[in-house]
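Got the viewer open and the selection box ready? Here is a walk through the model, one pick at a time.

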Amino acid sequence: MITEQVTEEVEQIQAFADRARAWLEENVPARWRKHRGSLSPEESDAIRREWDRQLWRGGFAGITIPREFGGQGLGLAEEVVFAVLAAKAQAPDGLARVGKILTAPMLIASGTEEQRAKYLRPILSGEDVWCQGFSEPGAGSDLAGVQTRATRVEGGYLVNGRKTWTSFVQHASHCFVLAVTQPDAPRYRNLSMLLVDMNQPGVAVNDIKQISGAVHFAEVQFENVFVPDSDRVGEDGGGWKVAMRVLGDERGGAETASRYVEIRADVDLLLRTCRDRPDLANELSDLDVRTELLRWQLFKVIDRAPREDATFWRAVSILKVMWSELWQDVTRLGIKAALPTDREHWRYQYLESRAVSVYSGTNEIQRNIISERVLGLPK
């Protein structure tokens, strides 16, 4: 009976993969595939925005979101399969990504019926672009130390403060913001999660240019920005619990799947171009093994996803540390051993990878979380 069930699940995933592969082959824009490095920012943004709409029309938006909320109602396995196939097909990264992988699950788990009815469909269709207002200039790794204040006024809050390293904020119509609403309450119990309309007075955005030359994120200033009570997620003072769930989704399987494809391609490039270098044989072998261990860990997460129990979260907890440090090591060797023809590729990859051990929670903090909450070690 169990064997038959497993066989049926495998067949369903294979059928989904076949459909997704065919759809991607037909729909990934040729201009993006062939010329994305030379596109202007405006051209790139237009293609990425349209890609979100294509995903919605094609039935590939919100793969793991339940059908009653407008999603496909499938499992993490299908989401990971699509992420891998999309990466291999060189598909664009849509602008609505944060809304789909972070905001939508947050609202399903912790939001009200009114919030789900108002926000979920525009998120999945690509109509609304969301960003995440967590990190601040003085509170990056120490998320509980955020200083952005949301002061009580009639009918809601006035938000004042500054968020930084905010991805997609240049395009965002909305931002979910972790802010202090109860300044006299104990740490972790003084925060609330607020849904902020970015198209109102008092919101100012300043781009942050990265060392690679790209602009993936920006800084945003809030000055007396109003948020109604109906746009608070969870209880007043209950924002920390909501934020922890968001961070779990941010470091999850779909992100790792896309990273695995990119890292695997970089390792394969090293193996092809450096196979005649005996002085690099041990390093190359180590990187190759670690890349496949990442894939193995990802499969473990997929296997345990239906339960969402402690074993699942233990498996998820290490993913971000694994892929971020692996990618940095791969690009470091690429810079050292690159052929002249590949030098520009490795330069870009190396510079892009420098920040991955810092964002989404520094690896040092993530190791603390693993040691305390997964291994049960003393603080």
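Start with D288, which is partly exposed at 27% relative accessibility. Keep in mind as you click around that this is a predicted model. Now add R264 to the selection: the side chains of D288 and R264 form a salt bridge, 2.8 Å from N to O. D288 sits in helix 9 (residues 281-304) and R264 in helix 8 (residues 253-273), so this pair ties together parts that are 24 residues apart in sequence. R264 is the buried partner, with a relative accessible area of 14%, whereas D288 is partly exposed.

**Along helix 9**

Next, select R295 and E292. They meet in another salt bridge, and the closest N and O atoms are 2.6 Å apart. What separates R295 and E292 within helix 9? About one helical turn, because the two are three residues apart in that helix. Both ends are partly exposed: R295 has 33% relative accessibility, and E292 has 24%.

Now show R264, D268, D288, E292 and R295 together as sticks. These five residues are linked in a network of salt bridges, so keep D268 on screen along with the two pairs you have just picked.

**A bridge from helix 6**

How many salt bridges does a search of the whole structure find? It turns up 23. One to pull up next is K118 with D231, whose side chains meet at 3.9 Å, N to O. The cut-off for a salt bridge here is 4 Å, so the K118 and D231 pair at 3.9 Å is counted. K118 belongs to helix 6, while D231 is in the loop between strand 7 (217-228) and strand 8 (232-233), so the bridge connects parts 113 residues apart in sequence. Color the two by accessibility and you'll see K118 as partly exposed at 46% and D231 as buried at 7%.

While you are in helix 6 (residues 113-124), click on E114. Buried or exposed, going by the relative accessibility of E114? Exposed, at 51%; the cut-off is over 50%, so E114 makes it into that class. For a long jump, draw a distance from E114 to E372: the C-alpha atoms are 37 Å apart in space, and the residues are 258 apart in sequence.

**The loop with S357**

Go to S357, in the loop between helix 12 (343-353) and helix 13 (363-374). Despite being in a loop, S357 counts as buried, at 16% relative accessibility. Show its surroundings: leaving out residues up to four places away in sequence, S357 touches K320, S324, Q328, T362 and N363. Zoom in on Q328 in particular, where a polar contact of 3.0 Å joins its side chain to that of S357.

**Helix 4**

Select residues 76-88, which make up helix 4. Put a distance between the end C-alpha atoms and you get 18 Å. That agrees with the 18 Å expected for 13 residues at 1.5 Å a residue. Among the buried residues in helix 4 are L76, V80, F82 and L85, and E78 is on the list too. Then step past the helix to Q90, which follows it and has a positive phi near 60°.

**The strands**

Switch to cartoon and pick strand 2 (residues 149-153) with strand 3 (residues 156-167). They run antiparallel, joined by five bridges. Within that pairing, A150 has V159 in strand 3 as its bridge partner. Strands 2 and 3 form a hairpin with two residues between them, and G155 in the turn has a positive phi of about 85°.

Keep strand 3 and add strand 7. This pairing is also antiparallel, with nine bridges. To see one of the matched positions, select L158 and its bridge partner in strand 7, F226.

**Last stop: the cysteines**

How many disulfides does the structure hold? Zero. Look at C131 to see how that plays out: the nearest cysteine sulfur, that of C175, is 3.5 Å away. A disulfide needs the two sulfurs within 2.5 Å, so C131 is in none. C131 is buried, with a relative accessible area of 0%. Finish on C274, another buried cysteine, at 2% relative accessibility.

Definitions and conventions
Residues are numbered from 1 along each chain as its sequence is written. This is a predicted model: local features need pLDDT of at least 70, side-chain atom pairs count only at pLDDT 80 or more; totals for chains, interfaces and linings use all residues. Side-chain values use heavy atoms; hydrogens and water are left out. Buried means under 20% relative accessible area, exposed over 50%, partly exposed in between (1.4 Å probe, protein chains only). Helices (H or I, at least four residues) and strands (E, at least two) are DSSP runs, numbered from the N terminus. A polar contact is a pair of N or O atoms within 3.5 Å; within protein, one must be able to donate a hydrogen and the other to accept it, and residues adjacent in sequence count only if both atoms are side-chain atoms. Contact means heavy atoms within 4.5 Å. The expected span of a helix is 1.5 Å times one less than its number of residues. Two strands pair if DSSP finds at least two bridges between them.
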